[in-house]
Amino acid sequence: MADTNIQDSNSEENLDQKNDAENEVATAALNDSDSVKEIADETVTPNPSEVTDQEPTAAESAGVTNGTEPPVPNVSNQVAQESPVKETKDPADQMTQESMEPEPVTMKSLLEAGVHFGHQTRRWHPRMRQYIFTERNGIHILDLQQTLQMLEDAGRFIEGTAASGKKILFVGTKKQAQETIASEAIRSDMLYINQRWLGGTLTNFRTLRSRIDYLTSLEEQKEQGVFENLAKKEGLKLEDRIKKLNKFFGGIREMKTVPGAIFVVDPVKERIAVDEARKVGIPIVAIADTDCNVDLIDYPIPGNDDAIRSVRLITGYIATAALTGSNSQSEGSDQVEEPVTENAVPTA
């Protein structure tokens, strides 16, 4: 009986430490010289848009809270906003994004989007040590100054790649990223995969291209009315096949050659895509959370790859860079060459 009471008290202490994170929120402000100043902390209810996708513990699901708030230490050039253990995202944040323009990326917008929230300290990768600013209540906090600088570097690389006429492949198959990946890739006229990554997409491109050609052939037959001459069951089976092929190949059906670069949300989940890109020599740009091995990424962007707002902000910036590069490339190709004089005498 005494052991049971001790276990209950220990579990309540652990629960109190987790709930302290829920009651701490720090806001950031920018002064005239664009430097971040620390402002007073306030105890408020966390914003649902900043809650991420990890499942709550059993104690958190029971709704036990603790009003005690520990003091926040003073830090410079960084304001840490605390987050609870990552939970299921609020459905209100899953709005349609087709007509949305991306937010301008600043230190304040990164902070408001929750880009600085990492995973629990027990789920970190040692290679991410240099990008971690601090640890608070069992959660790693990323250094947003490095995030902003590396995001700008990645954007310049993507813009240059798109300006050279190459396509960018956007990859994100997790639920929080699927809609954003599709809408931003379509907006920037790039390729995307937001369903399951099919093995060999990059390393066995010839076979992949044959399946895309097969999909195109089926759609042409349907438009020509060939399905109407078949048995009803056979026609329905072919239509189901078209839907299935479109689900997996719809975003890459215009991919004639391997892309010039790939942008990945959560390289840990998309490890097969990362391995294939490294094998064929395609540069990788990725949102790297605290559980990622950044040595595998050419242009890592330290940030939260679980929150929808964070993924939307960073993906929108990369898509805008790709769109800018594509427009500059098309403007250069539209320039009229100097006409050749018709009566020019050929040299001997």
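## Exercises on sheets, core and contacts

Strand S4 is joined to strand S5 (residues 139-142) by four bridges, and the two run antiparallel. Strands (E, at least two residues) and helices (H or I, at least four) are DSSP runs numbered from the N terminus, and two strands pair if DSSP finds at least two bridges between them. The model is predicted, so that local features need pLDDT of at least 70 and side-chain atom pairs count only at pLDDT 80 or more, whereas totals for chains, interfaces and linings use all residues. Residues are numbered from 1 along each chain as its sequence is written, and side-chain values use heavy atoms, with hydrogens and water left out.

**Exercise 1.** Place S4 and S5 in their sheet, and find which strands stand at its edges.

*Solution.* Begin with one position in the pairing: Glu135 stands opposite His140 in S5. Then widen the view to the open sheet, which has three strands in the order S3-S5-S4 with antiparallel pairing. Strand S3 (117-120) and strand S4 (132-136) are the edge strands, and each has a single partner strand, so one side of each is left without a neighbour in the sheet. Finally, neighbouring strands of this sheet are turned by 30° against each other on average, direction ignored. Axes are lines fitted to C-alpha atoms (for helices over the stretch in contact), and angles run from 0 to 180 degrees between N-to-C directions.

**Exercise 2.** Describe the five-stranded sheet and the helices that pack on it.

*Solution.* The strand order of this open sheet is S7-S6-S8-S9-S10, with parallel pairing. S7 (191-193) and S10 form its edges, each pairing on one side only, and the twist from one strand to the next averages 15°. Within the sheet, S8 (residues 261-265) and S9 (residues 284-288) are paired in the parallel sense over four bridges, and Val264 has Ala286 in S9 as its bridge partner. Next come the helices, for which contact means heavy atoms within 4.5 Å. Helix H4 lies across S6 (168-171), S8, S9 and S10, and runs at about 145° to S10. Helix H5 (residues 175-187) also packs on the sheet, where it touches S6, S7 and S8, and its direction makes about 170° with that of S7.

**Exercise 3.** How many aromatic pairs does a search of the whole structure find, and what does the pair of Phe157 and Tyr299 tie together?

*Solution.* The search finds two aromatic pairs. For the pair of Phe157 and Tyr299, the ring centres are 4.3 Å apart and the planes stand at 15°, so the pair is stacked. Rings of Phe, Tyr and Trp (its six-membered ring) pair if their centres lie within 6.5 Å; planes under 30 degrees apart count as stacked, over 60 as edge-to-face and the rest as tilted. Since Phe157 belongs to helix H4 (residues 144-163) and Tyr299 to strand S10 (residues 299-302), the pair ties together parts that are 142 residues apart in sequence. As for accessibility, Phe157 counts as buried at 18%, while Tyr299 at 28% counts as partly exposed. Here buried means under 20% relative accessible area, exposed over 50%, and partly exposed in between (1.4 Å probe, protein chains only).

**Exercise 4.** Which residues of the largest nonpolar core touch the most other members?

*Solution.* A nonpolar core is a set of buried Ala, Val, Leu, Ile, Met, Phe, Trp, Tyr and Cys residues joined through side-chain atoms within 4.5 Å. The largest has 34 residues, of which Ile158, Phe170, Phe263, Val285, Ile301 and Ile318 touch the most other members. Helix H3 (107-112), H4, S6, H5, S8, S9 and helix H9 (308-333) each supply at least two residues of this core. Apart from this core lies another of 29 residues, including Leu191, Ile262, Val274 and Ala286.

**Exercise 5.** Is Asp289 buried or exposed, and with which side chain does its own side chain make a polar contact?

*Solution.* Asp289 sits in the loop between S9 and S10 and, at 0% relative accessibility, counts as buried. Its side chain makes a polar contact with the side chain of His119 at 3.3 Å. A polar contact is a pair of N or O atoms within 3.5 Å; within protein, one must be able to donate a hydrogen and the other to accept it, and residues adjacent in sequence count only if both atoms are side-chain atoms.
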